[in-house]
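Subject: Handover of a structure, with notes

Dear colleague,

I am passing on the structure that follows, together with some notes for someone who has not looked at it before. Please have it open while you read.

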Amino acid sequence: MKISYNWLKQFIKVDWKSEETAALLTDLGLEVEMVEKYQSVKGGLEGIVVGHVLTCVPHPDADRLKITTVDLGDGIPVQIVCGASNVAAGQKVPVATIGTTLYDKEGVAFQIKKGKIRGQESHGMICAEDELGLGTSHDGIMILDAALAAGTKAASVFNIENDEVFEIGLTPNRADAMSHLGTARDLRAGLMQSGVNVGFITPSVSNFRIDMRTLKIDVSVEDTALAPRYCGLTISGISIKPSPNWLQNRLKSIGINPKNNIVDVTNYVLHELGQPLHAFDASKINGKIVVKTLPSGTKFTTLDDVERTLDEEDLMICDEKGPLCIAGVFGGKESGVSETTTSIFLESAYFNPVSIRKSAKRHQLSTDASFRFERGIDPTITEYALKRAALLIQEVAGGQITSDIIDIYPKKIKDFPVVLNFNNVKKIIGQELPKEIIKNILASLDIK
């Protein structure tokens, strides 16, 4: 399991070095196997500065090249040969200075060196966005804000994020730690026992509200043993587009490729709170949502375009015409969010762990959602996570919440008591801890 240090710091304000934090997490039973560096742009734009193109003239010996002189902010203009058709005098542009390391599309490094191009000296490289790792366009060089001062470091212009990522070897009994929230909870408790008192900041959902009630989708749960709790709501008027950089960076740091703003939010909340969610294109739902099993042999095509044969024990999310999703495991091709989606039904649920584990194994599908469901998630945060995701979707995709929250929870799952005998603690660990310390440790872990 990958945990972003920057992400953890949204829950607790800690300024410890990553090595110290990794050691404490390991002591707490969350074994950190490695700590990796992450940069939102490979190389961190080190050596890239804003240049001011002073002059631009045709190359005497090459029709497609131009000779420029560029001010890099040190008062000594340099000559750079550039092949971009859109380069012109007066522009502010990103310049890779001599000695800078860039990376090609395959991630192979190459260094910018002083050289000659068709007989003309070139002391650097004016870059396109794909050459810097800032995008895919190679239509021409990047033109920057004219107000930027020559010599400004590009890393500050593009807000490059540097992070450290903990690779945690999570044991099956630590389902409570399968998220940044859960890991932060343990870390906060450990810091308190180390004499460092820090607050615990959880995402607020106080701004959640129903904007209008114009898209109600009814839900029927036929097997509440397999789906003890099922929540959902609709959001209309959304715009599908790439997620903002902050959201993409959070996902990329833990090895997840961003897809679009809706899918990215569901992935974000899963790794933030430990609650899987699923978004259905509301226009593709026929009638109401029905949570049930289907006859063995039923065919169903999943998001990966594979036709699967269902078992009678597979819990399915269906509409009145047929299956839409293998509950808690994998979505369906026909009901998923696409570029044309304008309204969604957002699902947040608690499914039976044994049922999900069997379905995932049966269909050889191991997903981030099934990984959590089959180990047992927290049934008390189902609605909270739904509100959190809905607010984030409104932030990154616009839209209005257009239904009340559906919360089918016929038999509330009660907190279970664990009897802890102080004498047994002393006997097992070989040390007598004051009762108040034991109580404080439990309280710091949100154990009542």
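A loop is a convenient place to begin: Asp305 lies in the loop between strand 17 (299–301) and strand 18 (307–309), and this residue has a positive phi of about 70 degrees although it is not a glycine. Please keep in mind throughout that this is a predicted model. As background to the phi value, most residues other than glycine have a negative phi. A second residue of this kind is Asp446, a residue other than glycine whose phi is positive and near 60 degrees. Asp446 lies in the segment after helix 12, and it counts as partly exposed because its relative accessibility is 45%. We will meet Asp446 again in the section on pockets.

The overall picture

The protein has 448 residues, of which 48% count as buried, and its secondary structure comprises 12 helices and 24 strands. Taken along the principal axes, the box filled by the C-alpha atoms is roughly 80 × 65 × 40 Å. Among contacts in the protein with a separation of 6 or more, 72% are between residues 24 or more positions apart.

The nonpolar cores

The largest nonpolar core holds 56 residues, and those that touch the most other members are Phe166, Ile235, Ile262, Val269, Ile344, Leu346 and Ile393. Helix 10, which covers residues 382–397, gives the most to this core, with 9 residues. Apart from this core lies another, of 35 residues, which includes Val221, Ile326, Phe351 and Ala369.

Leu346 deserves a look of its own. When its neighbours within four places in sequence are left aside, Leu346 is in contact with Cys231, Gly232, Leu233, Ile235, Thr266, His278, Ala279, Leu386, Ala389, Ala390 and Ile393. Two of these partners, Ile235 and Ile393, have already been named, since they are, like Leu346, in the group of core residues that touch the most other members.

The aromatic pairs

A search of the whole structure finds 6 aromatic pairs. One of them joins Trp246 and Tyr268, whose ring centres are 5.6 Å apart and whose planes stand at 90 degrees, so the pair is edge-to-face. This pair links distant parts of the chain, with Trp246 in helix 6 and Tyr268 in helix 7 (residues 261–273), 22 residues apart. The two partners can be told apart by their accessibility: Trp246 counts as partly exposed, at 33% relative accessibility, whereas Tyr268 counts as buried, at 1%.

Phe280 and Phe345 form an aromatic pair that is tilted, with 6.3 Å from centre to centre and 45 degrees between the planes. This pair, too, links distant parts of the chain, given that Phe280 is in strand 15 (residues 277–281) and Phe345 in strand 22 (residues 343–350), 65 residues apart. Phe280 is buried, with a relative accessible area of 0%, and Phe345 counts as buried at 1% relative accessibility. Ring pairs also link Trp7, Trp246 and Tyr268 into a cluster.

The pockets

The largest pocket has a volume of about 1,800 Å³. It is lined by 42 residues, and those nearest its centre are Asp176, Arg185, Leu445, Asp446 and Ile447, so that the Asp446 with the positive phi appears here as well. The elements that give two or more residues to this lining are helix 5 (180–193) and helix 12 (435–444), and helix 5 gives the most, with 7 residues. By type, the lining of the largest pocket divides into 22 nonpolar, 9 polar and 11 charged residues.

The second largest pocket has a volume of about 740 Å³. Of the 29 residues that line it, Ser40, Val41, Leu132, Gly133 and Leu134 are the closest to its centre. Strand 7 (101–103), helix 3 (129–132) and helix 6 (245–253) are the elements that give two or more residues to the lining of the second largest pocket, and helix 6 gives the most, with 4 residues. The residues of this lining divide into 9 nonpolar, 13 polar and 7 charged. Helix 6 is also the helix that holds Trp246 of the edge-to-face pair.

With best wishes

Definitions and conventions. Residues are numbered from 1 along each chain as its sequence is written. This is a predicted model: local features need pLDDT of at least 70, side-chain atom pairs count only at pLDDT 80 or more; totals for chains, interfaces and linings use all residues. Side-chain values use heavy atoms; hydrogens and water are left out. A nonpolar core is a set of buried Ala, Val, Leu, Ile, Met, Phe, Trp, Tyr and Cys residues joined through side-chain atoms within 4.5 Å. Buried means under 20% relative accessible area, exposed over 50%, partly exposed in between (1.4 Å probe, protein chains only). Contact means heavy atoms within 4.5 Å. On a 1 Å grid over the protein atoms alone, a cavity is a set of points where a 1.4 Å probe fits but cannot get out, and a pocket is an open set with protein on both sides within 12 Å along at least five of seven lines; lining residues have an atom within 4 Å of a point. Grid points are joined across faces, edges and corners, and a volume is the space filled by probe spheres set on the points. Ala, Val, Leu, Ile, Met, Phe, Trp, Tyr, Cys and Pro count as nonpolar, Asp, Glu, Lys and Arg as charged, and the others, Gly among them, as polar. Rings of Phe, Tyr and Trp (its six-membered ring) pair if their centres lie within 6.5 Å; planes under 30 degrees apart count as stacked, over 60 as edge-to-face and the rest as tilted.
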